[in-house]
Amino acid sequence: MQQESDEVGPKIVEVPPTLVGVIHDVVPMNQMVSFFDRVFATVPQVLAKQDVAIVGPAVAVYFGAPGETADIAAGFPIASEIDPAEGVTSLWLPTGQAVTAVHIGSYDGLADAYSRLLEWMTERSLTPAQVMWESYVTMPTPEADPADMRTAITWLLQD
């Protein structure tokens, strides 16, 4: 079994245009679980009503580093634009160069994964932008082993 600190990467990638259907909010850190519960219940319902296909794993986009609150947009990559409804809107992820790595393990280890990613960028004189996102390659389920969770982290670089 892999340890919580296992990661794949980091590497520099070119981020393609990606459209996501999201709920965007500023959320206190102690309310993140309820925010994600609301997002992962509401967004698929709105997309289904508009006959818009989900085309990838769930994402959470952070606009700046979280502190006591997080400026966050979460949802799913989608095949086409949507009409805003029930707090759900379309958002294009920023394009350009980014550093990416895959964190293997529970979500509790994500803060350390971000720290290691920042250290890797600093060692290479790369400057991170204020936008980063997580793609939940393996979605949590009641029967899932947290040690097997895979979360792709993408951190945009400044031009």
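**Exercise 1. Strand β3 and its partners**

Task: Decide whether strand β3 (residues 59-63) is largely enclosed or open, and find which strands it is bridged to.

Solution.
Step 1. Look at burial. In strand β3 (residues 59-63), 4 of the 5 residues are buried, so the rest of the structure largely encloses it. Keep in mind that this is a predicted model.
Step 2. Look for the bridges to strand β4 (residues 69-77). There are 4 of them, and β3 and β4 run antiparallel.
Step 3. Look for the bridges to strand β7 (residues 128-136). Here 5 bridges join β3 to β7, again in an antiparallel arrangement.
Step 4. Follow Val59. Its bridge partner in β4 is Gly75. Its bridge partner in β7 is Ser135.
Step 5. Check the connection. β3 and β4 form a hairpin, with 5 residues between them. Gly64 in the turn has a positive phi of about 95°.

**Exercise 2. Val61 inside the strand**

Task: Is Val61 buried or exposed, and which residues beyond four places in sequence does Val61 contact?

Solution.
Step 1. Place the residue. Val61 belongs to strand β3.
Step 2. Apply the cut-off. Buried means under 20% relative accessible area. Val61 has 0% relative accessibility, so it counts as buried.
Step 3. List the contacts. Leaving aside neighbours within four places in sequence, Val61 touches Asp71, Ile72, Ala73, Leu91, Leu93, Val131, Met132 and Trp133.
Step 4. Compare sequence and space. Val61 and Gly75 are 14 residues apart in sequence, and their C-alpha atoms are 8.8 Å apart.

**Exercise 3. Strand β4**

Task: How many residues of β4 are buried, and how many bridges join β2 to β4?

Solution.
Step 1. Count the buried residues. In β4, 7 of 9 residues are buried, and the strand is mostly covered.
Step 2. Count the bridges. β2 and β4 are joined by 9 bridges and run antiparallel.
Step 3. Pick one bridge. Val20 has Pro77 as its partner in β4.

**Exercise 4. Aromatic pairs**

Task: How many aromatic pairs does the whole structure have, and why are the rings of Tyr114 and Trp155 classed as they are?

Solution.
Step 1. Count. The search of the whole structure finds 6 aromatic pairs.
Step 2. Start with Phe35 and Phe36. Their ring centres are 5.7 Å apart and their planes stand at 65°. Planes over 60 degrees apart count as edge-to-face, so this pair is edge-to-face.
Step 3. Check burial. Phe35 and Phe36 are both buried.
Step 4. Turn to Tyr114 and Trp155. The centres are 5.7 Å apart and the planes are at 70°, so this pair is edge-to-face too.
Step 5. Locate the partners. The pair links distant parts of the chain: Tyr114 lies in helix α2 (residues 110-123) and Trp155 in strand β8 (residues 150-157), 41 residues apart.
Step 6. Check burial again. Tyr114 has 12% relative accessibility, so it counts as buried. Trp155 has 9%, so it also counts as buried.
Step 7. Look for a group. One aromatic cluster is formed by Phe35, Phe36, Phe40, Phe76, Tyr107 and Tyr136.

**Exercise 5. The nonpolar cores**

Task: Which residues have the most contacts inside the largest nonpolar core, and which element gives the largest share?

Solution.
Step 1. Recall the background. In soluble globular proteins, nonpolar side chains tend to be buried together.
Step 2. Read the core. The largest nonpolar core has 34 residues, and Phe35, Phe36, Tyr62 and Ile72 have the most contacts inside it.
Step 3. Name the contributors. Elements giving two or more residues to this core include β2, α1, β3 and β4. The largest share, 7 residues, comes from α1.
Step 4. Zoom in on Phe35. Beyond four places in sequence, Phe35 is in contact with Ile23, Asp25, Val27, Ile72 and Ala74.
Step 5. Find the other core. A second, separate core has 12 residues, including Leu93, Ala98, Ala129 and Leu156.

**Exercise 6. Unusual phi and confidence**

Task: Where does Ser125 sit, and where in the chain is confidence lowest among the strands and helices?

Solution.
Step 1. Recall the background. Most residues other than glycine have a negative phi.
Step 2. Find the exceptions. Ser125 is not a glycine, yet its phi is positive, about 55°. Glu86 also has a positive phi, near 55°.
Step 3. Place them. Ser125 is in the loop between α2 and β7. Glu86 is in the loop between β4 and β5.
Step 4. Check exposure. Ser125 has a relative accessible area of 66%, so it is exposed.
Step 5. Judge confidence. The chain has a mean pLDDT of 92. Confidence is lowest in strand β1 (residues 7-15), at a mean of 88, and highest in β2, at 98. Over residues 1-5, pLDDT stays under 50.

Methods: Residues numbered from 1 in each chain as written. Predicted model: local features only at pLDDT ≥ 70, side-chain atom pairs only at ≥ 80, totals over all residues. Heavy atoms only, no water. Phe/Tyr/Trp six-rings, centres within 6.5 Å; stacked < 30°, edge-to-face > 60°. Buried < 20%, exposed > 50% of the residue type's maximum accessible area, 1.4 Å probe, protein only. Pairing = 2+ DSSP bridges. Core = buried A, V, L, I, M, F, W, Y, C linked by side-chain atoms within 4.5 Å. Contact = heavy atoms within 4.5 Å. pLDDT = per-residue confidence, 0-100.
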